[in-house]
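Open the model in your viewer, keep the sequence panel beside it, and follow the stops below in order. At each stop you will be told what to select and what is to be found there.

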Amino acid sequence: MQKQYNVEDLQIDQKLIKEPFALLEFEKKLSKQMKPYYNIELGDKTGKIRAKAWTESIPNLDTNAEVGNIVAITGKVQSYADKPQIIVERLEVVDDIAPEEFLVVTERDRSQMADDLKAEIDKTQNQYLKQLLDLFWNNDDYRDKFINFPAGEYVHHGYVGGLIEHVWEMNELSKPYLKMYKNLDRDLLFTGIFFHDIGKLEELDIVGATIIRTVSGRLITHIPQGLLFVDHLIQQIPDFPEMLKDKVFHMILSHQGKLEFGSPVVPQLLEALVLSQIDDAGASMNQAVKHIEKEYQTGNEFTDYHKWLKRSFYQKDYYSDPNKTDESIDGSSSTAITSDEKRFDRAIRSHATNNSDIVRNTDSAEESESMKKDKQNSLF
Ligand SMILES: [Fe+2]
Ligand SMILES: [Fe+2]
């Protein structure tokens, strides 16, 4: 089955015939007249769209469909509250498409980030923290999950490879702090960065074509889950010093910075203070950049309100004149910029600090060489 339309391409009044999407929500509801209908969310690599199946369509729905399945949708795109929504007439589960094709994946190179973090592990001089990091990294199962898991369902880094990207970014962000404040314990800070969100491996899961919060994740949440996980590792290391254990635990427990953000204690170590700040910086920047990436196509001066960051962003300066060349923006090349994506990418890059230490390529196979080159100097 071939996909014809991506979510981002859907137009009002467009008809869809057996168009495959990932099923992200499939919830039976009752109307005021006690008639059943379905609240649905569909998605693919380019975005998500709400959908509804009214009572009269229910005989044409495969009601055994589950969140994470790929489903073929027949229906029509309509406008509801100024947003497109699909009115579903038929929904069938399909099994000839790999769910991974519908999952968003980090644009950074996962194996490069893994190599960089492994090099940081090898730099660790505290023998107990080194053993702790090695115990994790040398376990194929743990390492594989760490490299491929998201860091969130939807708030930040909510895509395949999001967890390692989040940790890798935080490690890069920690470098100026280490340079500026010489009495910071680098090994403790790195260990805290590495493990602070490790509970996400149990809080979240990738099921078919979607990221879910597990039952245990909802009942326990990632901070206590991370603490239990790291405690389990530490128990395998003979003579791990009690004080050092308390410090590592404190890094995990306080990383959300404030009690009202879900941490049971505020940071009381310098390393914990840095950790909570770079965690917030990485998470906020990721949300803001992804929001603008989605919104700039509207051509509006300001983005829609971002419900987690509680603001709209002025996004007009992230466009560039389509007639401008690379050279006129950053002096790096003379190729004219044509697509909106490239304009945005270039423009946002021109606003970013030029830090060659954190230059990374992309591993996206379908991107052209020129697109790859475009992203080489991008911070985002
Ligand atoms: Fe967290
Ligand atoms: Fe985090």
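Begin by selecting helices α5 and α9 in this predicted model, whose axes come within 9 Å and cross at roughly 50°. Angles from 65 to 115 degrees count as roughly perpendicular and those under 35 as roughly parallel, and α5 and α9 are therefore oblique to each other. If you turn the view to look along the line from one helix to the other, you can follow how α5 passes α9 in a right-handed crossing. Now show the side chains at the contact, where L188, T191, G192 and F195 in α5 meet K247, V248, M251 and I252 in α9. Sorted by class, these residues are five nonpolar, two polar and one charged. As you look at such a row of positions along a helix, it helps to remember that an α-helix has 3.6 residues a turn, so residues three or four places apart point the same way.

Stay with α5, and select the whole helix, residues 186-195. How many of its ten residues are buried? Nine of them are, so that the helix is mostly covered, and the buried residues are D187, L188, L189, F190, T191, G192, I193, F194 and F195. To see what covers these buried residues, add the helices around them, which include α1, α2 (127-137), α4, α8 (222-234), α9 (242-253) and α10 (270-295).

Next, hide α5 and keep α8 and α9 in view, since α9 now serves as the link to a second pair. The axes of α8 and α9 come within 9 Å and cross at roughly 155°. Are the two helices roughly parallel or roughly antiparallel? An angle over 145 degrees counts as roughly antiparallel, and α8 and α9 are therefore roughly antiparallel to each other. The crossing of α8 past α9 is right-handed. On the α8 side of the contact you can pick out I223, G226, L227, V230 and I234, which meet K245, V248, F249, I252 and L253 in α9. This contact has eight nonpolar residues, one polar residue and one charged residue.

Between these two helices, follow the chain along the loop and stop at D239, which is found there. D239 has a positive phi of about 60° although it is not a glycine. With 7 C-beta neighbours inside 10 Å, D239 counts as exposed, because the limit for an exposed residue is 12 or fewer.

For a second residue of this kind, move to the loop between α3 (140-148) and α4, where you will find H157. H157 also has a positive phi, of about 50°, although it is not a glycine. Is H157 buried or exposed? It has 24 other C-beta atoms within 10 Å and is therefore buried, as 20 or more are enough for that label.

From this loop, go on into α4 (residues 162-180) and select it together with α1 (residues 110-123), because the two helices pack at an angle of about 50°, with their axes 10 Å apart. α1 and α4 are therefore oblique to each other, and α1 passes α4 in a left-handed crossing. At the contact, R110, M113, A114, D116, L117 and E120 in α1 meet I164, E165, V167, W168 and N171 in α4. The residues here divide into six nonpolar, one polar and four charged.

Leave the helices for a moment and select T55, in the loop between β3 (47-53) and β4 (70-80). Leaving aside residues up to four places away in sequence, T55 touches K35, P36 and Y37. T55 and Y37 are 18 residues apart in sequence, yet 5.0 Å apart in space from C-alpha to C-alpha. T55 is partly exposed, with 13 other C-beta atoms within 10 Å.

Finally, zoom out to the whole chain, which holds 13 helices and seven strands. Of its 380 residues, 29% count as buried. Colour the chain by pLDDT, which averages 85, with 84% of the residues scoring at least 70. Over residues 321-344 the pLDDT is below 50, and this stretch has 34 contacts in the model beyond near neighbours in sequence. Residues 346-380 also have a pLDDT below 50, with 47 contacts counted in that way. Where pLDDT is low, the predicted coordinates should not be read in detail.

Note on methods:
Residues are numbered from 1 along each chain as its sequence is written. Chains are lettered from A and ligands numbered from 1 in the order in which they are written. This is a predicted model: local features need pLDDT of at least 70, side-chain atom pairs count only at pLDDT 80 or more; totals for chains, interfaces and linings use all residues. pLDDT is the predictor's confidence in each residue, from 0 to 100. Two residues are in contact if their C-beta atoms, placed from the backbone, lie within 7 Å. Helices (H or I, at least four residues) and strands (E, at least two) are DSSP runs, numbered from the N terminus. Axes are lines fitted to C-alpha atoms, for helices over the stretch in contact, and angles run from 0 to 180 degrees between N-to-C directions. A crossing is left-handed if the near helix is turned anticlockwise from the far one by less than a right angle, and right-handed if clockwise. Ala, Val, Leu, Ile, Met, Phe, Trp, Tyr, Cys and Pro count as nonpolar, Asp, Glu, Lys and Arg as charged, and the others, Gly among them, as polar.
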